Amino acid sequence: MLATDKAYSSFAAKNVAAEKRFYSETLGLQVNELYGGQLLELRLGANKRVLIYQKDDFTPATYTVLNFPVPDVDATVDELVRRGVEMARFDGFDQDEKGIARPGPNGGPTLAWFRDPDGNILAVHSDEPPPD
């Protein structure tokens, strides 16, 4: 019914200019302005994209809006901190001094959260094998 090859996700922000600087300069992602800068397009791989749109009455989501699987969470967190990113802490997660949550007895990914300039929650996590 719906074609999925061009599907994409989006989330809101209050200050698109600050978001552009953060995603392009701090995180090093390819960011394109669309419609005169009213929208940002994050290019994530060959045919993946995420849109960020301006919303004046914006309130940050209370959940993770974008995840980045990485081969080494510790090294990625160190580099993010070096670039001025503050790691986020959340109740209910046992996070170490770097803000990294390690797998518990039931397994799961190693992960750490941080926020973009408007407070949206992002995560880096270990690249876990897909479920069976």
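Start with R43 and E41: in this predicted model, the two side chains form a salt bridge, and their closest N and O atoms are 3.1 Å apart. The partners differ in how much of them you can see from outside. R43 is partly exposed, with a relative accessible area of 26%, while E41 comes in at 8% and counts as buried, because the cut-off for buried is under 20%.

That pair has company. Side chains of opposite charge can pair when their charged atoms come close. Here the structure holds 10 salt bridges. Take E33 and K20, whose closest N and O atoms are 3.1 Å apart. E33 belongs to strand β2 (residues 30-34) and K20 to helix α1 (residues 16-26), so this salt bridge ties together parts that are 13 residues apart in sequence. If you look for these two on the surface, E33 is partly exposed at 46% relative accessible area, and K20 is partly exposed too, at 29%.

Now move along the chain to D74 and R102, whose side chains meet in a salt bridge at 2.9 Å, N to O. D74 sits in helix α2 (residues 73-82), whereas R102 sits in the loop between β6 (87-88) and β7 (111-115), so the pair ties together parts that are 28 residues apart in sequence. As for their surroundings, D74 is partly exposed at 22% relative accessibility, and R102 is partly exposed at 39%. Don't stop at the pair, though: D74 and R102 are linked with D78, D96 and K98 in a network of salt bridges.

Arginine turns up in another kind of contact as well. The charged end of R49 sits over the ring of Y8, and the distance to the ring centre is 4.4 Å.

On to the aromatic rings. A pair of aromatic rings is described by the distance of the centres and the angle of the planes. With ring centres required to lie within 6.5 Å, the count comes to four aromatic pairs. One to pick out is F22 with Y23: the ring centres are 5.2 Å apart and the planes stand at 85°, so the pair is edge-to-face. The angle settles that label because planes over 60 degrees apart count as edge-to-face. Both residues are tucked away by the numbers: F22 is buried at 9% relative accessibility, and Y23 is buried with a relative accessible area of 0%. Add F11, and you have one aromatic cluster made of F11, F22 and Y23.

Time to zoom out to the whole fold. The protein has two helices and eight strands, and along the sequence they follow the pattern β-α-β-β-β-β-α-β-β-β. The radius of gyration is 16 Å, close to the 14 Å that the globule rule gives for 132 residues, so the protein is as compact as a globular protein of that length. If you'd rather think in box dimensions, the C-alpha trace spans about 50 × 40 × 25 Å along its principal axes.

How does the chain fold back on itself? Among contacts between residues at least 6 apart in sequence, 53% join residues at least 24 apart. As for inside and outside, buried residues make up 39% of the 132 residues. The protein exposes about 8,400 Å², and carbon and sulfur atoms supply 50% of that area.

Methods. Residues numbered from 1 in each chain as written. Predicted model: local features only at pLDDT ≥ 70, side-chain atom pairs only at ≥ 80, totals over all residues. Heavy atoms only, no water. Phe/Tyr/Trp six-rings, centres within 6.5 Å; stacked < 30°, edge-to-face > 60°. Buried < 20%, exposed > 50% of the residue type's maximum accessible area, 1.4 Å probe, protein only. Lys NZ or Arg CZ within 6 Å of the ring centre and 35° of its normal. Salt bridge = Lys/Arg side-chain N within 4 Å of Asp/Glu carboxyl O. Helix = DSSP H or I, 4+ residues; strand = E, 2+ residues; numbered from the N terminus. Rg over C-alpha atoms; globule rule 2.2 N^0.38 Å. Contact = heavy atoms within 4.5 Å. Areas by Shrake-Rupley, 256 points an atom, 1.4 Å probe, with all protein chains shown as cover.
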